[in-house]
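Hello,

Here is the structure we talked about handing over. Please open it first, then read the notes below it.

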Amino acid sequence: MTATRFLPRERLQTLFERIGDLGYRCMGPQVRDGAIVYDDLSDAAALPVGIGAHQAPGRYRLEHYAHARCFAWANGPQALKPLLFAPEETLWRVTRDAAGRLAFAAAAPPSQRRAVIGVRACDLAALALQDAHFAGDHADPGYVSRRRDLLLVGVDCGHPADTCFCASTGDGPAVSNGADLALTELDAGFLVRAGSAAGRALCDALPLRAPSDAELHLGAAEIEHARQSQRRSLPARNLRDALFANLDHPQWDDVAARCLACGNCVAVCPTCFCSTEREQPAIDGREAARVRLWDSCFSAEHSYVHGRLLRPDTRTRYRQWLTHKLGGWHDQYGRSGCVGCGRCIAWCPTGIDITREATAICTADQPEGEA
Amino acid sequence: MSTAPAPDPAVMGPPQEAEVVSRDDEARGLCTLHLRLTDPAARAAFRFQPGQFNMLYLPAVGGVPISIASDPAEPEHLAHTIRAVGRVTRVLATLGAGDRVGLRGPYGRGWPLQAAEGQAELRDLIVLTGGLGCAPVVAAIGYVTARRERFGRLVILQGVKHAADLIWRERYDAWAELPDTEVRLAADEPDRHWQDHVGLVTDLLDEVRFRPQASVALVCGPEPMMLAGAKRLVELGVPAEHIWLSLERGFQCGVGHCGHCQLGPWLVCRDGPVFRWSEIGWLLGTKGF
């Protein structure tokens, strides 16, 4: 990151304009259906001004405050994952001629320069994990194309939710890398750091001034407060061995009795990558499209192998999810698959808390009771 | 921003068209499709290792992973032995010469034959299979028999449930004629013509001769059989890191992306399907994995 600069709040619109000048379609957070969602946004006034998000196990409610801040909330149900790993995507098409010959054609991945404003540190950490999965060996063409065309403006998280634990996973609340531009929101405006050549070019085009020492101090203090205010945590950064040593722990039965196997946690998790392929045949039988959809390890079909189900019950499915998320990821990508965003806690209909389950399974300590 | 390598069209793109050249009916519900990529350039470029698999695809039906049962020295000819058991395999089993399918691959890590070659301490080879587990090792056996002098004693053990399930008897008979080679067959339920062992194929490990410390085992079949076989091989003194098992999971993408073959720390299609017992023995057989 380069030297920190300052963007006055009344000039925030210029950020959208300069990004648009560079040929990017701007996306940003906005209120829709009672939640913060990311979608097309070209007007700074459409940001969630004065909005906060109260999150608790099984609960997500927006609240209105009499302040001018527009990033004073932790996160919404989705951020970057659907933009890169599409919930539904045609992979290729096939046609069959009268002689039975098959012609396959890859679906051209739509390529469009997109900029996302307001990305959180947890979501940038999740993006790095998705990059390792989809853009490493055997790179996914659609993902790589969309990733290449992405510009990211991160915003430090000054208002973590009750469900957040990014400080414990080491992924937040401050944006440290992965963003082209990083902002810290203050009442009067934004501290701005560039994290890439594109970010530096953007800085040069913005009406920035040097920040005062007081502004720098205020920014650092807000982030430190956000870090200190998080009450949830995982017992350790690496729980791999503890989880695989406890595959018969009675807690798996306990959580299975509360888990609906609905897959909400998987849908909102910014690192979950499972997908399934479906056939979409044309009605005349001459064409078919191969479509990839998000999948969930909580479904029965997910564990189908040659006429049988490997995981016939919720106990083995929740265990599959958690041992992968906090265990197998270490082997596969060198770190835990959890970035501490807390979405799986807030969006679980029965309020299952990953930090409590992991603590119960991996430590001899009893998890702390909820107030 | 991402510096990812360019996608590899052979394994990441759509399937390539393949033609059924011929079909063998092996046993009830079991057939072998002999396939050939129709594009000459793709056919010439295709290479595979024994133990790898392809994804076979039928329009409007779907795709299924099938191991390659033919000789890697002739990669223009791809044999796939199929049991009609699921939605896709039931349709594949109806195909005949001239029919077209889609083919993606090859995928996965195959048998470690190069590791056994030329290393005196690794020269005896035990091939322990059950049911259609014989298909993924046929290419490996062919590889070994074509280089017979580079391997030690060859022990081939195949088990079937019913005697009528045994396929490729003429191959087993031919292998039994090779020097320093022992072939034994087992059937749980024999018919009146059955000449060999009645019972589990893993029983035969105690009846055949090999040098446990100087052996490599290739194991493929139903998981209970592989678990029993690997444990017995260890008891007999074969080092756990010299026992290799080929696993089957719900492969869809073939490149470790879709997550269906997640097994603890591994994505089986990408990291396997062939694993050392020393790697997976601690987790394999745990219900749910």
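**A hairpin and its sheet in chain A**

Start with β6(A) and β7(A): they form a hairpin, with five residues between the two strands. In the turn, A:Gly100 has a positive phi of about 90°. Keep in mind that this is a predicted model.

The two strands of the hairpin run antiparallel, and five bridges join β6(A) to β7(A), residues 102–106. One facing pair across the hairpin is A:Val94 and A:Phe104 of β7(A).

Strand β6(A), residues 88–96, has another partner, β13(A), residues 287–294. Seven bridges join β6(A) and β13(A), again antiparallel. A:Val94 stands opposite A:Ala288 in β13(A). A:Thr95 stands opposite A:Glu287 in β13(A).

Now put these strands into their sheet. It is open and has four strands, in the order β7-β6-β13-β12 of chain A, with antiparallel pairing. Which strands stand at the edges? They are β7 and β12 (275–281) of chain A. Each has a single partner strand, so one side of each is left without a neighbour in the sheet. From one strand to the next, the twist averages 25°.

**Helix α1 of chain A**

Next, look at α1(A), residues 12–21. Its buried residues are A:Leu15, A:Phe16 and A:Ile19. Why do they line one face of the helix? Seen down the axis of α1(A), they fall within an arc of 95°, so they share one face. The general rule is that an α-helix has 3.6 residues a turn, so residues three or four places apart point the same way.

The face of α1(A) turned away from the buried side carries A:Gln13 and A:Asp21, both exposed. What do the buried residues of α1(A) pack against? Their partners in chain A are four strands and a helix: β1 (5–8), β2 (25–32), β8 (114–119), β9 (150–155) and α6 (197–205). Just after the helix, A:Gly23 takes a positive phi of about 95°.

**Chain A as a whole**

Chain A has 13 helices and 15 strands. Its radius of gyration is 22 Å, close to the 21 Å from the globule rule for 371 residues, so chain A is as compact as a globular protein of that length. Along the principal axes, its C-alpha trace spans about 65 × 60 × 35 Å. Of its 371 residues, 47% count as buried. Take the contacts in chain A between residues at least 6 apart in sequence: 71% of them join residues at least 24 apart.

**The sheet in chain B**

Over to chain B. It has an open sheet of seven strands, in the order β10-β9-β8-β7-β11-β12-β15, with mixed pairing. At the edges are β10 (197–198) and β15 (274–276) of chain B, and each pairs on one side only.

Within that sheet, β8(B), residues 154–162, and β9(B), residues 181–189, pair in the parallel sense over eight bridges. B:Gly159 stands opposite B:Ala186 in β9(B). Helix α6(B), residues 169–176, packs on the sheet and touches β8 and β9 of chain B. The direction of α6(B) makes about 145° with that of β9(B).

**A loop residue in chain B**

B:Leu247 deserves a look. It lies in the loop between β12 (243–246) and β13 (262–263) of chain B. Is B:Leu247 buried or exposed? It is buried: 21 other C-beta atoms lie within 10 Å, and the cut-off for buried is 20 or more.

Which residues does B:Leu247 contact, leaving aside neighbours within four places in sequence? They are B:Val268, B:Gly272, B:Pro273 and B:Phe275. B:Gly133 is 114 residues away from B:Leu247 in sequence, yet the two are 9.6 Å apart in space, C-alpha to C-alpha.

**Where the chains meet**

Last, the interface. Here, 40 residues of chain B are in contact with 50 residues of chain A. On chain B, α1 (9–12), β1 (16–27), β4 (62–67) and β6 (100–107) each supply at least two residues of the side that touches chain A. By class, that side of chain B has 16 nonpolar, 17 polar and seven charged residues.

Over to you.

Best wishes

Technical notes:
Residues numbered from 1 in each chain as written. Chains lettered and ligands numbered in written order. Predicted model: local features only at pLDDT ≥ 70, side-chain atom pairs only at ≥ 80, totals over all residues. Contact = placed C-beta atoms within 7 Å. Nonpolar A, V, L, I, M, F, W, Y, C, P; charged D, E, K, R; others polar. Pairing = 2+ DSSP bridges. Buried ≥ 20, exposed ≤ 12 C-beta atoms within 10 Å, placed from the backbone. Arc of directions from axis to C-beta. Axes fitted to C-alpha atoms, helices over the stretch in contact; angles between N-to-C directions. Rg over C-alpha atoms; globule rule 2.2 N^0.38 Å.
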